[in-house]
Amino acid sequence: TGANGELVAELRASPASAEIVRGMKTPILAYNGMSPGPCFVAREGDLVRITLVNAIPGQESTIHWHGMPVPAEQDGNPMNPVTSGERRTYEFRLPEGSAGSYWYHPHPHKFTAEQVYRGLAGAFIVKPRGEDPVPAAFGDTPLFFTDMRLASDATMPASTPVDLMNGRQGDFVLVNGAYKPELSLEAGTRRRFRLYNALNAGYLRISFGGIKFALIGSDGGLLEAPVADMTEVLLAPAERAEVLVPFDGSQRSVTVQSLTYDRGWMGPGAPSAAAVDLMTISVTGSAAASIPPLPSKLRAIADLGASTITKRFVFGETIKMGGPGGMSMTFLINGKVFEPGRIDETMKVGQPEIWEIVNPTDMDHPFHIHGTQFQVIDTEKSGTRVAAPFKAWKDTVNVASKETVRIKIVQDMPGDRMYHCHILEHEHLGMMGTLRAG
Ligand code: C2O
Ligand code: CU
Ligand code: CU
């Protein structure tokens with residue numbers, strides 16, 4: 001961020017190489033040579049001007065500002081592609097109240113999944129204009145999780161039908177681009193982490209070696225108050241969480257893990273049921289050090305107002321065995337496969353609606369909508385309805401198999417927005433629609 005509240009940058013998307021396996025080269029796609037791309041930090045009120053240079057041979061691209069309140073034509077939707085060899089500048093101002101943990105990734109028609117699993121994604125943090133309710137002494141560390149599937153020569157194989165059906169999962173889960181990195185901390189601190197699930201399809205059920213931590217934020221920024229004594233947090237693809245983790249020195253080496261989670265798997269090649277080690281935190285200094293207290297309050301979260309309009313979105317799938325590729329699959333919302341240019345839903349700007357997202361399938365699907373943050377009302381499974389335990393701003397919510405999730409949503413800006421499953425292979429195979437707000 002410059003002195004006058006502007007963030008100006010260029011992101012060049014191009015082929016690059018990374019060393020994931022020691023001594024071997026993996027061809028990837030990168031922003032400015034890095035995967036993940038640079039972590040942007042801006043403040044509410046800032047003007048953002050970021051130029052995408054598409055140096056990806058033979059493919060369109062865009063930059064989508066996942067979760068951010070950006071005008072529709074600046075949001076990198078598939079209908080606004082940047083062709084290979086071209087550039088375009090995205091420009092938007094960050095409104096008051098937008099502080100949160102966002103990210104950016106490509107969203108071109110038919111290439112989103114591939115460009116993301118090849119390495120194109122990065123964090124975008126918006127800080128409050130006024131005082132941050134979280135003490136600066138707690139730090140502010142993004143942990144941006146991605147994954148890669150590599151063949152024995154460390155290159156990325158093409159996706160198989162099983163990858164398309166379940167979403168492509170990698171065997172290397174990376175933290176800020178590194179495989180099983182180590183972090184060293186002083187005992188007697190509480191640390192603020194922003195956890196990002198930027199995997200194409202993998203779920204993360206994150207634990208900090210059993211340490212009880214506080215959840216303080218969701219996709220769209222801070223909660224009203226910390227939720228204390230958590231031992232794990234589940235993040236579906238595209239979801240984020242902010243946590244405060246105490247390190248008192250009683251554990252010298254803390255392994256951050258993703259615990260096993262059954263999201264419903266079809267066909268062979270289900271991921272192993274063992275927990276996955278993500279990174280190690282070594283804690284130095286005196287044992288049993290005292291920890292500074294949690295903030296008691298964070299900020300107020302507004303109610304979205306009464307609503308008389310309810311829309312229903314029902315997931316579906318068709319899977320046919322046989323045929324040329326051995327199998328053909330589509331993933332559906334309300335019985336339809338995505339079609340560019342078709343408007344599936346309309347909505348009045350400023351008018352809250354209730355959306356009921358129904359998942360009768362055997363797999364979980366994380367539902368995401370562009371351009372706004374919504375609030376979860378409740379979740380229903382086998383006739384039992386459970387109200388959301390606390391207020392939170394979300395742009396992505398997991399809808400588990402056989403579950404119905406109700407959300408309340410408002411669009412503040414006009415224009416066409418995508419809503420889709422954030423298992424990117426499902427989005428690719430049709431699980432997406434277009435909403436026109438006006
Ligand atoms: Cu993360 Cu349609 O986006
Ligand atoms: Cu998005
Ligand atoms: Cu899905």
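Phe-247 is in contact with Leu-185, Ala-187, Thr-189, Arg-191 and Val-283, leaving aside neighbours within four places in sequence. Phe-247 sits in strand β18. It counts as buried because 24 C-beta neighbours lie inside 10 Å, and the cut-off for burial is 20 or more. Val-386 is another matter: 139 residues along the chain from Phe-247, its C-alpha atom is separated from that of Phe-247 by 33 Å.

**Model and overall build**

All of this comes from a predicted model. The mean pLDDT of the protein is 95. Of its residues, 98% reach 70 or more. The scores are ipTM 0.99 and pTM 0.97.

The protein has 31 strands and three helices. Its C-alpha atoms fill a box of roughly 65 × 55 × 50 Å along the principal axes. What radius of gyration does the protein have, and what would a compact globule of 438 residues have? The protein has 21 Å; the globule would have a value near 22 Å, so the two agree.

Buried residues make up 44% of the 438 residues. Contacts also reach far along the chain. Among those with a separation of 6 or more, 76% are between residues 24 or more positions apart.

**The nonpolar core**

In soluble globular proteins, nonpolar side chains tend to be buried together. Here the largest nonpolar core has 101 residues. Trp-103, Phe-124, Phe-145 and Val-243 have the most contacts inside it. Strand β18, residues 240-247, gives the largest share of this core, with five residues.

Phe-124 shows what such contacts look like. Beyond its neighbours within four places in sequence, Phe-124 is in contact with Phe-40, Trp-65, Met-68, Tyr-102, Trp-103 and Tyr-104.

**Domains 1 and 2**

The domain assignment gives domain 1 as 6-127, domain 2 as 136-284 and domain 3 as 310-437. Between domain 1 and domain 2, the C-alpha centres lie 21 Å apart. In this pairing, 22 residues of domain 1 are in contact with 24 residues of domain 2.

Which elements supply the side of domain 1 that touches domain 2? β2 (26-31), β7 (100-105), α1 (112-117) and β8 (122-127) each supply at least two residues. The residues on that side divide into 14 nonpolar, six polar and two charged.

**Buried loop residues**

Asp-75 lies in the loop between β5 (64-66) and β6 (87-93). Is Asp-75 buried or exposed? It counts as buried, because 25 C-beta neighbours lie inside 10 Å. Not counting residues up to four places away in sequence, Asp-75 touches His-64, Trp-65, Val-70, His-370 and Gly-371. Phe-92 is 17 residues along the chain from Asp-75, and their C-alpha atoms are separated by 9.2 Å.

His-107 is found in the loop between β7 and α1. It has 28 C-beta neighbours inside 10 Å and therefore counts as buried. Leaving aside neighbours within four places in sequence, His-107 is in contact with Thr-62, His-64, Gly-76, Asn-77, Pro-78 and Thr-112. His-64 thus appears in the contact lists of Asp-75 and His-107. Pro-81 is 26 residues from His-107 in sequence; C-alpha to C-alpha, they are 8.4 Å apart in space.

**Backbone features**

Two lysines have a positive phi although neither is a glycine.

| Residue | Phi | Loop | C-beta neighbours within 10 Å | Class |
|---|---|---|---|---|
| Lys-110 | about 75° | between β7 and α1 | 11 | exposed |
| Lys-180 | about 45° | between β11 (178-179) and β12 (182-186) | 15 | partly exposed |

Why do their classes part? A residue is exposed with 12 or fewer other C-beta atoms within 10 Å, and buried with 20 or more. Lys-110 has 11, so it is exposed. Lys-180 has 15, so it counts as partly exposed. Lys-110 is found in the loop between β7 and α1, and so is the buried His-107.

The backbone also holds a cis peptide bond. Ser-35 and Pro-36 are joined by it, with omega about -5°. Pro-36 lies in the loop between β2 and β3 (40-43).

How values were computed
Residues are numbered from 1 along each chain as its sequence is written. Chains are lettered from A and ligands numbered from 1 in the order in which they are written. This is a predicted model: local features need pLDDT of at least 70, side-chain atom pairs count only at pLDDT 80 or more; totals for chains, interfaces and linings use all residues. Domain bounds come from an automatic or database domain assignment. Two residues are in contact if their C-beta atoms, placed from the backbone, lie within 7 Å. Helices (H or I, at least four residues) and strands (E, at least two) are DSSP runs, numbered from the N terminus. Ala, Val, Leu, Ile, Met, Phe, Trp, Tyr, Cys and Pro count as nonpolar, Asp, Glu, Lys and Arg as charged, and the others, Gly among them, as polar. pLDDT is the predictor's confidence in each residue, from 0 to 100. The radius of gyration is taken over C-alpha atoms; the globule rule is 2.2 Å times the number of residues to the power 0.38. A nonpolar core is a set of buried Ala, Val, Leu, Ile, Met, Phe, Trp, Tyr and Cys residues joined through C-beta atoms within 7 Å.
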